[in-house]
Amino acid sequence: FARMFVQVCLYFYCKCLWRCLKFVVRKLTGQCELQRICYNTKPGAARTMKIEASLKGSKSKRLQTSVSVHPDAIEKTIDDIMELKRINPDINPQLGVSLQACLLQIVGYRNLIAEVEKLRREPYDSENPQHEEMLLKLWKCLKPNSPLKARISKQWCEIGFQGDDPKTDFRGMGLLGLYNLVYFAEWDTEIAQQVLSDSLHPKYREVTKKELSQLSKAEWEKKKFDKAIGYSFAIVGINITDLAYNLLVSGALKTHFYNVAPEAPTLTHFQQTFCYLMHEFHKFWIEEDPLDIMEFNRVREKFHKQILKQLQNPEMALCPHFAASESLINM
């Protein structure tokens, strides 16, 4: 009880102290916290996350709710913020532009979570023509030279499904798993087909003592890279979808999305990130050189921790070449 009492006292003390400090700084600089952030922090995750924290931590309900408004209400929300903070928009035109960019990212991220969650909750329905069309597209993209003999077929195992009907494998991630796999196969076809080929044809290499003595350390490391254990491509894709989903919902992907999406991050940004994670996990799997497929969970957890560590850097962009435009620089 005593410890809890001390913690409560410290909380209120620090909260009051922080508000007093903000008041003093505003009087000294003539700028509110939002102005200081926008003027002193470059565009990207660092700025947007500071703006988000400032709005959420405000004592004003209007500012707290500004991070969850409808995208169409953002301009009106910015006008309300400027009025509440007594900031003249004619004297501070850049502030409105910067706040708009930040709010578009913040609100967009929340909406993206909702969109992804909706897909995850929608089960695969073999009676739905659109679902079936997407599933067949996945096969055509991955195996363009091998026609599917029947809808229910053992051929599905060739792209990493567990049985002769893939619909049962989508239970965990619903349509989201299928959407991601189709996007990877359609838009990153060459890499997707290579990853599939590697997963189907693992290379085992036994090096003799004589050969080992003739190899340099660098050559041996390269040879080791060829020792890969196979895995089920589609099942791993659904599993990596789960990893991407958890990164999104936990907020870990804010760093990445706020750095690559000048405005609101979209489902396409999420799917591009999935492609990146699939490719990187494949390389990570080979480098880990697991003894068998039973080590999958260990390797996946280690990979997850590595991605989380990277995303702790506010400058981090997992796949910077997916940036929507250069306009981020001017916002």
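Which side chain meets R151 in a salt bridge? In this predicted model, that partner is E132, as the first close-up shows.

**View A. R151 and E132 pair up in a salt bridge.** The N to O distance here is 2.7 Å. R151 sits in the loop between helix 7 (129-142) and helix 8 (174-187), while E132 belongs to helix 7, so the pair ties together parts that are 19 residues apart in sequence. E132 counts as buried, at 16% relative accessibility.

**View B. E288 reaches K302 through a salt bridge.** The closest N and O atoms are 3.1 Å apart. E288 is in helix 14 and K302 is in helix 15, with their positions 14 residues apart in the chain. Look around this pair and you'll find a network: salt bridges with shared partners join E288, E295, R298 and K302. K302 itself is partly exposed, at 43% relative accessibility.

**View C. E315 and K42 form a salt bridge between distant parts of the chain.** Their side chains meet at 3.3 Å, N to O. E315 comes from the segment after helix 15 (296-311), and K42 from the loop between helix 2 (33-40) and helix 3 (45-56), 273 residues apart. K42 counts as exposed at 54% relative accessibility, and E315 as partly exposed at 47%. This pair belongs to a set of 16 salt bridges in the structure.

**View D. M278 is buried in helix 14.** This helix covers residues 267-288, and M278 has a relative accessible area of just 1%. Leaving aside residues up to four places away in sequence, M278 touches F184, F233, V236, G237 and I240. F184 is 94 residues from M278 along the chain, yet their C-alpha atoms are separated by 8.6 Å.

Conventions
Residues numbered from 1 in each chain as written. Predicted model: local features only at pLDDT ≥ 70, side-chain atom pairs only at ≥ 80, totals over all residues. Heavy atoms only, no water. Helix = DSSP H or I, 4+ residues; strand = E, 2+ residues; numbered from the N terminus. Buried < 20%, exposed > 50% of the residue type's maximum accessible area, 1.4 Å probe, protein only. Contact = heavy atoms within 4.5 Å. Salt bridge = Lys/Arg side-chain N within 4 Å of Asp/Glu carboxyl O.
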